[in-house]
Amino acid sequence: MIRSVVVGWGAELPGNPVTNDDLVARGVETSDAWIAQRTGIRQRYIADAGITTSTLAFMAAQRALAKAGVPASSVDMLIVATTTPDQTFPSTATRVQGLLGMDTAPAFDVQAVCSGFVYALSIADSFIRCGQARRVLVIGAETFSRLLDWSDRNTCVLFGDGAGALLLEAAEGEGTMADRGVLSSRLYADGSKNELLCMTGGPSSTQDMGHLQMTGREVFRWAVQRMAESAILALEEAGISPDQVDWLVPHQANIRILQSTAERIGIPEEKVIITVEHHGNTSAASIPLALCEAAENGKIKAGQLLLLEAMGGGFTWGSALLRW
Ligand code: UT7
């Protein structure tokens, strides 16, 4: 059985960290204590003017290729999960494909907001398992700071910018849960919840971008419920008990969401990769950024079993089991 195995990874965070106190100094009516207590966030990265999503994605992709020791020309497909494309079109993925000099390899964006990376990973895995691609770059990249209304303290303190990339490669497996690579993935959506987390504009409605708006409490409640239930189902279907999972790698929205979800699944907090305090919520970039950091600092080791889960605007949500 063909498996999609992670052979490279790379991340990019723009500029210097912006602390909660820095936001106060910039005029946001908030405090470090409020943000830290309600969200766990202490700082985030905010891209300077001129740095775009494709810049961050390109840097992360280059590092993933270098880690794997393979040239961009050997990659069969590039997928960018993003909600903050450089332009409405062409896709950010084609821009990155061009910057990497990937000849004619297909490239496209996936738009599933904070679940985008899990969606993109699942799509990449499907292409690899059906034999249509051997190497796929899967990138989550965002400049979410550009979507924010800086006068809305309910939302502007939550998000940050960054990018993370994984290089997946086809490898022969036994077809068991002991294989390395993507072992399963499950995607979901509920379009009846569009209004709870959305942009106020867009090309086809208002012809401008608008800004991010969120009903925080409702999103919080649904995030915990949906992420926990999809993760529990993924484990049940795979015949894996929570204690067999080495690391839970959730979308990094809010420390309290991460803690509640882990508790419902039955995974102790010391087995949860947490980066939200220094990255903020980077939407589609949050899971690959967390994976890269934990792999680099030696927490995540080859052969370990990871459970990824995410939930975002749409709503969209999903989970994946991945043996590193
Ligand atoms: O990636 C997926 C998408 N996003 C999420 O998952 C986020 C989900 N939601 C959340 O994380 C939380 O709902 C928030 C962090 C957004 C808000 O936390 P909360 O505990 O639900 O607070 P709240 O919205 O109920 O607000 C409580 C109070 C309000 O004051 P009053 O009306 O009680 O006087 C707000 O005005 O906190 C006030 N407040 C703030 N105060 C200082 C809201 N934002 C701030 C702020 N600084 N930044």
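How many Å separate an oxygen atom of the ligand from an N or O atom in the side chain of Arg256? The distance is 3.3 Å. Keep in mind that this is a predicted model.

1. **Polar contacts to the ligand.** Arg256 has company. The side chain of Arg38 places an N or O atom 2.8 Å from an oxygen atom of the ligand. Trp34 takes part too: one of its polar side-chain atoms lies 3.2 Å from a ligand oxygen. How much of the ligand does the protein bury? Taken alone, the ligand exposes 960 Å², and the protein buries 76% of that.

2. **The shell.** Look next at the residues around the ligand. There are 23 of them. The closest are Thr30, Arg38, Arg217, His251 and Asn254. Sorted by character, the shell has 11 nonpolar residues, seven polar and five charged.

3. **Which helices contribute.** Four helices each supply at least two residues of the shell: α2 (32-39), α6 (153-156), α7 (216-238) and α8 (255-265). The largest share comes from α7, with four residues.

4. **Where the ligand sits.** The ligand takes up the space of the second largest pocket. Why does the ligand lie between domain 1 and domain 2? Both domain 1 (2-172) and domain 2 (181-323) give residues to the shell, so the ligand lies between them.

5. **Two cis peptide bonds.** Now check the backbone. Most peptide bonds are trans. Two exceptions deserve a look. Phe89 and Pro90 are joined by a cis peptide bond, with omega about -5 degrees. Pro90 sits in the loop between β4 (77-81) and α4 (92-100). Another cis bond joins Gly314 and Phe315, where omega is about -10 degrees. Find Phe315 in the loop that runs between β12 (305-312) and β13 (316-323).

6. **A positive phi.** Most residues other than glycine have a negative phi. Which sign does phi have at Val113? Val113 is not a glycine, yet its phi is positive, about 50 degrees. Val113 belongs to the loop between β5 (107-110) and α5 (116-129).

Methods
Residues are numbered from 1 along each chain as its sequence is written. This is a predicted model: local features need pLDDT of at least 70, side-chain atom pairs count only at pLDDT 80 or more; totals for chains, interfaces and linings use all residues. Side-chain values use heavy atoms; hydrogens and water are left out. A residue is near a molecule or strand if one of its heavy atoms lies within 4 Å of it. A polar contact is a pair of N or O atoms within 3.5 Å; within protein, one must be able to donate a hydrogen and the other to accept it, and residues adjacent in sequence count only if both atoms are side-chain atoms. Accessible areas come from the Shrake-Rupley method with a 1.4 Å probe; for residues, only the protein chains shown count as cover. On a 1 Å grid over the protein atoms alone, a cavity is a set of points where a 1.4 Å probe fits but cannot get out, and a pocket is an open set with protein on both sides within 12 Å along at least five of seven lines; lining residues have an atom within 4 Å of a point. A molecule sits in a cavity or pocket if more than half of its atoms lie within 2 Å of its grid points. Ala, Val, Leu, Ile, Met, Phe, Trp, Tyr, Cys and Pro count as nonpolar, Asp, Glu, Lys and Arg as charged, and the others, Gly among them, as polar. Domain bounds come from an automatic or database domain assignment.
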